[in-house]
Amino acid sequence: MARRNSLTPSNSDAAAATIVETVAVTGSPNNLVMNRAGTRLYVTSATGSGSLTVLGTQPLRVIETIGGLGSPIWVAINDVASCLYVTDNSVATGTPINVIETLNHTVIGRIDGFTTVNGIALDTTGKRLYVADRGASKLVAIDTSNYQRTAETTVGRPRDVVIAPDNIRAHIANDLDGWTIVELTNHTVVADIKAALGIPTSIGHSPRYPRVYIAHRASGRVTIGDALVPDVNKEISGLRGPWDIAFNRLSEMAYITETDGGQISIIDTRLNLVTGTIGGFEKPRGIVISPDGRNAYVADIAKTIVCRVRL
């Protein structure tokens, strides 16, 4: 078991990581995504006016605020189709997904027929949207060309979903202390593995290794699973409310927001060890890394800001 390193990070990259810019956004920023070019951020705020904020990245600035979206929480970006998929969790059941064009920031469609949506994820082609319908205990596949469902797979209480880089499998963190793997060629469950006690907050897949990382806020740990075996083979414990994870595609580093600790932990994914932390937050939630690997963008739900962190 790997435990957090409370010492000051010794490597220069970790030591240099610091907040360099912030911008205020409407409501309580929770999740965010970035376009492929790294020039735009889209931030969901479930409270206030129920808005999606469009940010420019350098300098960090508000370009537009799209209101009237109910309670937007989960968001995915389709660069191929130039659109966003944003859940409206303002209702207890019947969660819709709004489709928003990124060129003029208008709602161009709506996907219905779910019970209670949590995580959503796209494959790399942008042709399929996968929806974790927690209320229905299903993983639903949506054809993004016509918003029709193409498949459903029974998964107990799915909380978040990520698609493997090769688009062959979906990895789901569920409320039953587990990690479920769905084969996407035939939409069948190929593994259902116990991960850690407690409800997970997010799941991520390494771009470099066949590994998944599941954050468990209540127990203060991140479970690491080998996607080839598949089995849980390690965990990082002693974290304070781990919430979200983002990977730097140009290095071995991953970054985990600790929403109850007001900081980000830096993880060497080769060794799966915490090598340092980045402070200055109050309640960090969503995090993304820029395509050039030089910056992280973090939604701080308590300060109602988005921060740019120089890595």
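**Exercise 1. Find where R61 sits, then work out its exposure class and its surroundings.**

Step 1: R61 belongs to strand 6, residues 60-66. Keep in mind that we're working with a predicted model here.

Step 2: Now the exposure class. The relative accessibility of R61 is 35%, so this residue is partly exposed; that class lies between the cut-offs of 20% and 50%.

Step 3: Next, the neighbours. Leaving out residues up to four places away in sequence, R61 touches V23, R40, V54, L55 and G56. Its side chain also reaches the backbone oxygen of P59, at 2.9 Å.

Step 4: Finally, compare sequence with space. T22 and R61 are 39 residues apart in sequence, while their C-alpha atoms are 8.6 Å apart.

**Exercise 2. Lay out the open sheet of 4 strands: what is the strand order, and which strands are at the edges?**

Step 1: The order reads 23-24-25-26, and the pairing is antiparallel.

Step 2: For the edges, look for strands that pair on one side only: these are strand 23 (242-247) and strand 26 (273-278). From one strand to the next, the twist averages 25°.

Step 3: Zoom in on one pairing. Strand 23 and strand 24 (residues 253-258) run antiparallel and are joined by 4 bridges. Within that pairing, I245 has I256 in strand 24 as its bridge partner.

**Exercise 3. Classify the aromatic pair of Y213 and F247: what is its geometry?**

Step 1: Start with the count, which is 1 aromatic pair.

Step 2: The ring centres of Y213 and F247 are 5.5 Å apart and the planes meet at 65°, so we call the pair edge-to-face; the cut-off for that class is over 60 degrees.

Step 3: Place both rings along the chain. Y213 is in strand 20 (residues 211-216) and F247 is in strand 23, 34 residues apart, so to speak a link between distant parts of the chain.

Step 4: Check the burial: Y213 and F247 are both buried.

**Exercise 4. Describe strand 27 and its hairpin with strand 28, then look at what R285 does.**

Step 1: Strand 27 covers residues 284-289, and 6 of its 6 residues are buried.

Step 2: Strand 27 pairs with strand 28 (residues 295-300) in the antiparallel sense, over 4 bridges. P284 stands opposite D300 in strand 28.

Step 3: Between the two strands of this hairpin there are 5 residues, and G293 takes a positive phi near 75°.

Step 4: On to R285: its charged end sits over the ring of W243, 3.8 Å from the centre. For another arginine of this kind, R211 lies over the face of Y209, at 4.3 Å from the ring centre.

Note on methods
Residues are numbered from 1 along each chain as its sequence is written. This is a predicted model: local features need pLDDT of at least 70, side-chain atom pairs count only at pLDDT 80 or more; totals for chains, interfaces and linings use all residues. Side-chain values use heavy atoms; hydrogens and water are left out. Buried means under 20% relative accessible area, exposed over 50%, partly exposed in between (1.4 Å probe, protein chains only). Two strands pair if DSSP finds at least two bridges between them. Contact means heavy atoms within 4.5 Å. A polar contact is a pair of N or O atoms within 3.5 Å; within protein, one must be able to donate a hydrogen and the other to accept it, and residues adjacent in sequence count only if both atoms are side-chain atoms. Axes are lines fitted to C-alpha atoms, for helices over the stretch in contact, and angles run from 0 to 180 degrees between N-to-C directions. Rings of Phe, Tyr and Trp (its six-membered ring) pair if their centres lie within 6.5 Å; planes under 30 degrees apart count as stacked, over 60 as edge-to-face and the rest as tilted. A charge sits over a ring if NZ of Lys or CZ of Arg is within 6 Å of the ring centre and within 35 degrees of the ring normal.
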